[in-house]
Every structure is written in C-alpha cells, then in structure tokens.
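Work through these exercises with the model open beside you. Try each task before you read its solution.

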Amino acid sequence: MASPIKTCVLGVGLAGLTFHVPFVLAHPQLFKLYAVLERKPAGPGGKLQERFGAAAAEGVKIYNTLDDVLADPEIELVIVGTPSETHYEFSKRALEAGKHVLVDKPITATYAEAKALGELADSKKLVLYPYQNRRWDSDFLALRSLLELPPTDPRSLGNIWEFESRFDRFRDTLKGTWKDLPAPANGLVYDLGAHLIDQSLVLFGRPSKITAHVENLRGVGHPEVDDNFTISLHYPALKPRSSTSVAPTSFTVVLRGTTLSVRSSQLRYIVRGTSGTFTKTGVDVQEDQLKVIGSPKEIVDESNTAYGQEPEAIWGTLENLKDGQVVKSIWPSTAKGNYAGLFKNLAAAIREGAEPAVKWRESAEVIELIELAHRSAKEGKTLDVPPRS
C-alpha cells in the first residue's frame with residue numbers, strides 16, 4: 001500500500017479549516033497532514049488545535065512563510081486555500097518547488113495565468129488539481145440523474161430549452177474580510193459564479209455566445225467588487241431527446257447570484273423543457289455541517305447518516321405534462337453530497353496516475369468565461385465565445 005501523501009495546507013481560514021483540513025484528517029490512509037501555513041499562530045497548535053483539538057494538531061508543523069513550506073522536501077502536496085489573488089503566485093511557486101497542488105477556486109484571476117500554470121505542471125509531470133467541490137453537491141448529483149432519464153420516462157423534461165442556476169443570499173453589509181477588497185479574482189462572479197459556470201460546462205459544454213450584467217448592487221464597499229450578476233450562456237438548440245410538437249431553436253443557460261435575496265429557502269435550479277419543469281430550492285448541506293463537526297471522522301463514519309444527506313423538505317419538484325395536464329411530483333436528492341470523492345480522486349491521481357475527475361483545462365475555461373462575462377458587462381453587449389483553443 002502506498003504511503004499517505006504528506007500534505008501542507010496553506011491558510012487556516014474558512015477554506016483551510018472547513019473544506020480542506022477535515023478531509024485530509026478524515027483519510028489518514030491517503031493523506032498525512034504534515035504542515036499548515038499560519039502567519040501568526042496565537043498559541044501551540046494554532047488555529048488547527050483551536051478548531052479540532054490537540055490530538056489533531058499533534059506533530060503537525062506550523063510554518064510562518066511560504067518559503068519555509070517550499071523548502072521542506074518532505075512535503076508532497078500543497079493545498080492553496082489562501083485569498084484568491086494569491087492563487088496563481090502560490091501555485092506557481094509550489095509547482096516550481098516540485099510539489100503537487102490542489103488550488104481553491106477561482107484558480108487564477110486570468111485565463112492566461114491558468115494556462116501558464118497548466119503548462120508548468122505538465123512540464124514537471126505534477127498533478128495540478130482545481131478544487132471544484134460543488135460537482136459533488138447532493139443537488140447537482142440529483143439534477144444530473146434527472147437529466148440522464150431516457151425520454152420515454154414520464155418524468156423526463158423532454159427537450160430542454162432553458163437552464164437556470166443560482167447562488168443567492170441576503171447580506172446587506174460587508175463581511176469585513178479580504179473578499180471586500182478590489183483585488184484580482186475578487187467579487188461574486190469569481191467567488192460563486194465560478195461554481196455555476198463549472199457545473200454548466202459539465203452539463204452542456206462550451207457556449208457560442210455570452211451576455212452578462214455584473215454590478216455592485218448594494219452600493220457598499222468598493223464599486224469594482226461585484227455582489228450581483230446575471231450571466232447568459234447562449235447555445236444552439238440541444239440535440240433532440242424526445243419527439244414533441246415543439247422543437248426549440250435555441251438553448252440558454254442563465255446563471256445568477258446576488259446578496260440581496262430575501263427568501264427562505266433560496267432558489268437553486270429551474271430547468272425548463274418541452275415536457276416538464278424542474279424546480280429546486282436550498283443548497284447542499286455539507287458546508288454548514290463542516291463548519292461545526294466535532295471531528296473529521298464524522299465525514300467517513302458510516303453510522304453518521306446525516307452527513308451530506310439533503311433534507312426531504314428541499315428536494316426538487318417536477319411538473320410534467322400528462323394527457324394535457326400538469327402532474328406534480330418530487331425528485332429526491334437520494335445521493336449524499338460527497339466532497340470526499342474529490343480528495344479520493346486527487347490521491348489516486350497522485351499515487352496511481354488516475355485521471356483527474358476535475359481537469360485543469362476545464363477550470364481554466366471557467367476563468368476564460370468569467371473574463372468574458374466581465375467584458376460583456378463592461379461593454380454592454382453580447383460577445384462571441386471563441387472556439388476552444
């Protein structure tokens with residue numbers, strides 16, 4: 001059996017302590033939490049010990065600078081969970097030091113930077129893995145299973161003509177963190193839009209055109225830090241899946257995010273087709289659970305049936321045509337959310353050369369579309385999406 005991958009997590013804020021450290025600790029057969037980067041730990045064990053206890057922090061090195069991290073030859077994997085504007089620089093330096101890298105979204109501020117990192121990783125034969133964890137959300141898994149239904153299934157949506165996906169919340173004040181600053185890769189499009197675009201590309205591929213409206217709607221903080229967006233991705237009509245009286249001539253993806261939505265629970269998906277509509281509210285439960293779990297072992301404890309399991313109250317609703325009438329039913333989110341799947345695949349990619357479930361070029365394409373969205377909003381027009389290079 002291969003030895004656990006000696007891992008260093010850069011940053012012990014929300015990303016590090018919620019989305020990365022728990023999964024490294026929960027899979028000791030795959031990873032060893034060898035070190036963390038914390039600039040000014042308040043005490044022994046730093047924020048790691050404060051969050052998960054002395055046992056979790058025992059033997060884990062705390063480095064105060066990136067130079068110290070990269071100088072340690074024992075470290076095999078660096079997880080970049082620092083502010084977004086540092087992702088390119090820190091990933092580049094880690095790769096140059098011969099380390100594999102898992103980098104949080106947004107992977108970079110520009111498409112050019114993303115391509116450069118991919119080329120560097122290829123030249124050094126290192127794994128460079130984007131942290132697109134929301135491909136393992138319970139609601140997204142439920143949506144994929146719905147879209148895979150055969151057209152003969154009475155619950156099929158028929159020929160889809162519009163897909164709407166949103167991440168909304170209500171917050172009328174600033175968070176008081178680095179995310180409020182007018183720095184590269186900040187703003188709601190880079191933060192949450194990166195997830196929405198990634199999921200859309202997984203489902204439908206590359207669009208032909210893009211139209212976007214991006215703004216600071218609340219009028220608080222720096223005007224260049226957006227908190228509201230609508231991005232439309234335009235496609236030719238999807239390949240027909242069923243024979244209906246109507247054949248859509250186009251397909252549109254509408255991606256929205258705002259910080260001024262007063263609603264409980266928030267709208268997540270609306271998918272419209274010639275035979276039905278799917279509506280989904282609420283979000284995957286894993287983030288909220290990871291913020292409060294007492295031990296990372298709860299992630300993999302088979303007796304913990306609550307972890308990753310979406311409440312029935314927010315399961316999706318189907319409305320299908322049957323004999324000219326609209327019939328409603330529930331589409332259950334039966335598959336648990338499973339961010340651990342990303343980490344298992346990452347370990348297999350490093351130790352066994354397995355194919356990454358999230359490919360770097362896919363996340364680079366997300367950044368390309370984010371840049372086009374900002375340009376479309378600034379110029380006030382629809383832009384062509386160039387063919388994939």
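**Exercise 1.** How many of the 17 residues of α8 are buried?

*Solution.* Keep in mind that this is a predicted model. Start with the cut-off: buried means under 20% relative accessible area. By that test, 15 of the 17 residues of α8 are buried, and the helix is mostly covered. Next, locate the helix: α8 spans residues 188-204.

**Exercise 2.** Describe the geometry of α8, from its span to the residue after its end.

*Solution.* Take the span first. From first C-alpha to last, α8 reaches 22 Å. The expected value, at 1.5 Å a residue, is 24 Å, and the two are close. Then look along the axis: α8 bends by about 40 degrees at Ala194. Finish at the end of the helix. Gly205 follows α8, and its phi is positive, near 80 degrees.

**Exercise 3.** Which residues touch the most other members of the largest nonpolar core?

*Solution.* This core holds 71 residues. Leu10, Val69, Ile231 and Phe278 touch the most other members. Now ask what supplies the core: helix α8 gives the largest share, nine residues. A second core is separate and has 37 residues, including Val9, Ala57, Val60 and Ile79. Then zoom in on Leu10. Leave aside neighbours within four places in sequence; the contacts of Leu10 then include Leu37, Leu66, Val69 and Phe90. Ile79 is also in contact with Leu10.

**Exercise 4.** Why is α7 described as largely enclosed by the rest of the structure?

*Solution.* Count the buried positions. Seven of the ten residues of α7 (residues 138-147) are buried, so the helix is largely enclosed. Name them: Ser138, Asp139, Phe140, Ala142, Leu143, Leu146 and Leu147. Then find the cover. It includes α8 and the strands β7, β11, β12, β13 and β14.

**Exercise 5.** Which helix gives the most to the lining of the second largest pocket?

*Solution.* The pocket has a volume of about 470 Å³. Its lining has 24 residues, and the closest to the centre are Gly118, Asp122, Lys359, Trp360 and Arg361. Two helices, α6 (111-124) and α12 (360-379), each supply at least two lining residues. α6 gives the most, with seven residues.

**Exercise 6.** Where is Ala354, and which residues does Ala354 touch?

*Solution.* Place Ala354 in the loop between α11 (340-352) and α12. Check its exposure: a relative accessible area of 26% makes Ala354 partly exposed. Last, list the contacts. Not counting residues up to four places away in sequence, Ala354 touches Ala348 and Ala349.

Technical notes: Residues numbered from 1 in each chain as written. Predicted model: local features only at pLDDT ≥ 70, side-chain atom pairs only at ≥ 80, totals over all residues. Heavy atoms only, no water. Core = buried A, V, L, I, M, F, W, Y, C linked by side-chain atoms within 4.5 Å. Buried < 20%, exposed > 50% of the residue type's maximum accessible area, 1.4 Å probe, protein only. Helix = DSSP H or I, 4+ residues; strand = E, 2+ residues; numbered from the N terminus. Contact = heavy atoms within 4.5 Å. Expected span 1.5 Å × (residues − 1). Bend = angle between axes of the 7 residues up to and from the residue. 1 Å grid on protein atoms, 1.4 Å probe; cavity = no way out; pocket = protein on both sides within 12 Å on 5 of 7 lines; lining within 4 Å. Points joined across faces, edges and corners; volume = space filled by probe spheres on them.
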